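Let's take a walk through this fold, one piece at a time. Keep the viewer open and turn the model as we go.

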Amino acid sequence: MTAIVIIVYNLDARIFLLQIEAIKKFCQDSYVIEVFDNSTNEELSEAIKYHASNQAVKYSRTIPCENDPSHSHAFAANMAYKSVKDNYSNILFLDHDCIPVKPFSVVETLGNKLIAGVLQGQAVTKYFWPGCLMINNKIIDTGLVNFNLITKLRTDTGGSLHKIIDRYGYDACILFDEVGVQNPYFQDEFYYFYLMINNKTFIHFINAANWRGVERNEERLNTLINITENLIHDSV
């Protein structure tokens with residue numbers, strides 16, 4: 001059985017419902033969706049809880065120990081992994097704005113590999129981005145799955161995952177490609193694009209919760225929701 005773990009943070013419920021719809025359409029494994037809500041906005045959190053119940057999705061509320069979004073995300077991800085690791089053979093961590101738009105299988109993708117995802121970090125310290133990360137829980141050393149930042153190495157959430165690469169090497173890993181695509185419907189200094197991951201299987205909105213406080217973010221999200229809906233409904 002595969003766990004699909006979604007860390008939710010101050011998310012527009014429309015994106016949550018779109019992600020759940022897409023997972024149900026495209027995931028080819030036997031799976032359970034586990035939502036861990038780390039929001040600071042109680043109104044948004046209540047909406048996610050309501051929709052999770054209606055969608056028969058497991059829901060847990062976490063209370064962040066840090067105000068910084070990256071530390072908060074790491075805290076929630078570690079709590080989520082601790083909660084699910086003993087119950088599932090494979091785990092897919094998805095950011096709340098990373099949505100499948102094509103059929104996918106965590107089991108088939110991993111095969112006999114330990115981990116699959118997008119690599120990030122500096123040349124000296126490479127680690128996996130936790131927003132689209134597949135873990136083969138049957139064979140990995142679960143003690144190495146740690147989403148904490150490493151401040152002295154200037155890593156973001158997931159920085160401690162570099163220990164998996166250090167222990168097993170790249171031959172035990174699958175590296176997803178990540179391609180930027182210009183958003184034809186929205187122009188902005190920072191967010192004029194979105195990302196496509198693993199042969200265009202997942203779309204990543206980037207900063208859906210707008211923790212950076214970017215202007216016109218709702219307008220941007222509206223365009224990305226429309227793009228994603230078209231990708232989902234056009235996929236066979």
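Start with His162, which sits in helix α5, a helix covering residues 162-168. Keep in mind that this is a predicted model. Is His162 buried or exposed? Its relative accessibility is 14%, so it counts as buried, given that the cut-off for buried is under 20%. If you skip the neighbours within four places in sequence, the residues in contact with His162 are Thr125, Lys126, Tyr127 and Ile150. For a sense of scale, try drawing a line from His162 to Val8: the two are 154 residues apart in sequence, and their C-alpha atoms are 24 Å apart in space.

Val8 brings us to strand β1, where it shares one side with Thr2, Ile4 and Ile6, while Ala3, Val5 and Ile7 are on the other; all of these are buried, so both faces of the strand are covered. Put as a tally, seven of the seven residues of β1 are buried, and that is why the strand is largely enclosed by the rest of the structure.

Now zoom out to the sheet around β1. Seven strands make up this open sheet, and reading across it you get β3-β2-β1-β4-β9-β6-β10, with mixed pairing. At the edges are β3 (58-61) and β10 (173-175); each has a single partner strand, so one side of each has no neighbour in the sheet. Ignoring direction, neighbouring strands here are turned by 15° against each other on average. On one flank, β1 (residues 2-8) pairs with β4 (residues 90-95) in the parallel sense over six bridges, and Val5 has Phe93 of β4 as its bridge partner. On the other pairing, β1 and β2 also run parallel, joined by seven bridges; there, Thr2 stands opposite Tyr31.

What packs on this sheet? Helix α2 (residues 42-54) does, touching β1, β2 (31-37) and β3, and its direction makes about 155° with that of β3. Follow the chain into the loop between α2 and β3 and you'll find Ala56. Ala56 is worth a look on a Ramachandran plot: it has a positive phi of about 55° although it isn't a glycine. Its relative accessible area is 71%, so Ala56 is exposed.

Next up is α1, which teams with α2. Their axes come within 10 Å and cross at roughly 25°, which makes α1 roughly parallel to α2. The crossing of α1 past α2 is right-handed. At the contact, Ala13, Phe16 and Leu17 of α1 meet Ala47, Ile48, His51 and Ala52 of α2. As for its geometry, α1 has 14 residues and reaches 20 Å from first to last C-alpha, close to the 20 Å expected at 1.5 Å a residue. Its buried residues are Ala13, Ile15, Phe16, Leu18, Gln19, Ile20, Ala22, Ile23 and Phe26. The elements covering them include β1, β2, α2, β4, β5 and α6.

Two of those names, β5 and α6, lead to the next part of the model. A second open sheet has four strands in the order β5-β13-β12-β11, with antiparallel pairing. The edge strands are β5 and β11 (178-182), each pairing on one side only. The twist in this sheet averages 30° from one strand to the next. Between β5 and β13 there are three bridges in the antiparallel sense, and Ile99 stands opposite Ile203 of β13.

Leaving β13 (202-204), the loop that runs to α6 (217-234) holds Arg216. Its phi is near 65°, a positive value in a residue other than glycine. Is Arg216 as open to solvent as the cut-off for exposed requires, or less so? With 41% relative accessibility, Arg216 counts as partly exposed, because exposed takes over 50%.

We finish on α6 itself. Its 18 residues should span 26 Å at 1.5 Å a residue, and the end C-alpha atoms are 26 Å apart, which agrees. Which residues of α6 are buried? They are Asn217, Arg220, Leu221, Thr223, Leu224, Ile225, Ile227, Thr228 and Ile232. These buried residues pack against α1 (13-26), β5 (98-100), β12 (193-197) and β13.

How values were computed
Residues numbered from 1 in each chain as written. Predicted model: local features only at pLDDT ≥ 70, side-chain atom pairs only at ≥ 80, totals over all residues. Heavy atoms only, no water. Pairing = 2+ DSSP bridges. Helix = DSSP H or I, 4+ residues; strand = E, 2+ residues; numbered from the N terminus. Axes fitted to C-alpha atoms, helices over the stretch in contact; angles between N-to-C directions. Contact = heavy atoms within 4.5 Å. Buried < 20%, exposed > 50% of the residue type's maximum accessible area, 1.4 Å probe, protein only. Expected span 1.5 Å × (residues − 1). Parallel < 35°, antiparallel > 145°, perpendicular 65-115°, else oblique. Left-handed = near helix turned anticlockwise from the far one by under 90°.
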